[in-house]
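Hi,

Here is the structure I promised to pass on, with my notes on it below. Have it open while you read, and tell me if anything is unclear.

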Amino acid sequence: PEVIVQNMPGGGSMTAANYVYSVAKPDGLTLGAVTAPIYFAQLLGRKEVQFDWAKFTWIGTPEENDELFFIKSELPYKTLFDLRKATDPPRCGASGVGSTGYYIPKLLEEVFGFKLGMVTGYPGAADVDLAVEKNEVQCRGTTISAFFGREPGKSWAKNGYVRFLVQTGDKRNHRLPDTPTIWELMEHEKAAEAKKRLARVVLGPGAFGRPILATPAIPAERVKILRDAYSKMLKDPEFVAEANKRQWELNPVSGEKLEALAKEVIHQSPDIVERMKKVLGE
């Protein structure tokens, strides 16, 4: 079939999400590619939100985009728990509040009870990397794919310039086999259920990856056609070859799983939402 791509700038894909949810016909002929963190705006009660994240029709995602937290190897902290001993908290760099570089360190502070210094205002990822090399900052939260997909991350991993203290996926990424997940560490700490729920809602964007969604109330038989077609595309040899050429690792998640996850992250108690605001710098 012919596919027409229409860019809808505005609100970090908020405009596109609102259109797919509220304007497009529920016939399965309009799909949206949006950034997953926009569901934070719904939980925070932002007036520009005209959708219910849990009610979208979920088609699938080509990858989970989990995060990691690293610190410079020259520092004496071997594990995340060692940061509790820091008399002078390491400084972490980020572009601004609400960014991955900000909310990953703040979530770790909230869940595990230590302090980090946040330095915000960097224009972009490359600027934070340079700040690490200049020792303006010593730690950072970022996505696994971004870190290993470009320099200086590739070189830092090879030469041991940084130490990985935690990753956020449900299971360990093959590139970080010796780095514990946040869920393993919370299990070790016997963390309260509220902390687990907070982590799930804040880290949800990584699990959604780069989702494809559609209008609510599409007939079930059309939903099945779309999900099956999307799954077949991600296995197509020509598509896989192109992904490999771009060094893009495919780790698909089905529409059914995204549907369940969407309901899980949206249905939160007021207490969890308040703690989420603190982590996001609201």
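Before the sheet, one term: two strands count as paired if DSSP finds at least two bridges between them. Strand β2 (residues 57–61) and β9 are joined by two bridges and run antiparallel. Please keep in mind throughout that this is a predicted model.

**The sheet**

β2 and β9 belong to an open sheet of four strands, ordered β1-β8-β2-β9, with antiparallel pairing. In general, the strands of a sheet pair through backbone hydrogen bonds, either parallel or antiparallel. At the edges lie β1 (31–33) and β9 (253–254), each of which pairs on one side only. If you want a residue to look for, T61 stands opposite V253 in β9. Helix α11 (residues 255–266) packs on this sheet, where it touches β2 and β9, and its direction makes about 120 degrees with that of β2.

**Helix α9**

Does the length of this helix fit or clash with what its residue count predicts, and what span should we expect? The 16 residues of α9 (residues 220–235), at 1.5 Å a residue, should span 22 Å; the end C-alpha atoms are 23 Å apart, which agrees.

Its buried residues are V223, L226, R227, Y230 and L234. They are on the same side of α9, because the arc they cover around the axis is only 95 degrees. Among the elements covering these buried residues are β1, β2, β8 (212–214), α10 (237–245) and α11. On the face turned away from that buried side you will find the exposed residues E221, K224, I225, K232 and K235.

**The cores**

The largest nonpolar core has 61 residues, and the members that touch the most others are W53, F69, L80, F112, I182 and F208. Helix α8 (residues 193–208) gives this core its largest share, seven residues. There is also a second, separate core of 14 residues, with F70, A131, V137 and F164 among them.

F112 is a good place to zoom in. Apart from neighbours within four places in sequence, F112 is in contact with L80, F81, R84, I182, L185, M186 and E189.

**A buried glutamate**

Which residues does E109 contact, once its neighbours within four places in sequence are left aside? They are F114, K115 and L116. E109 is found in helix α3 (residues 100–112). E109 counts as buried because its relative accessibility is 9%, and the cut-off for buried is under 20%.

Best wishes

Notes: Residues numbered from 1 in each chain as written. Predicted model: local features only at pLDDT ≥ 70, side-chain atom pairs only at ≥ 80, totals over all residues. Heavy atoms only, no water. Core = buried A, V, L, I, M, F, W, Y, C linked by side-chain atoms within 4.5 Å. Buried < 20%, exposed > 50% of the residue type's maximum accessible area, 1.4 Å probe, protein only. Contact = heavy atoms within 4.5 Å. Axes fitted to C-alpha atoms, helices over the stretch in contact; angles between N-to-C directions. Expected span 1.5 Å × (residues − 1). Arc of directions from axis to C-beta.
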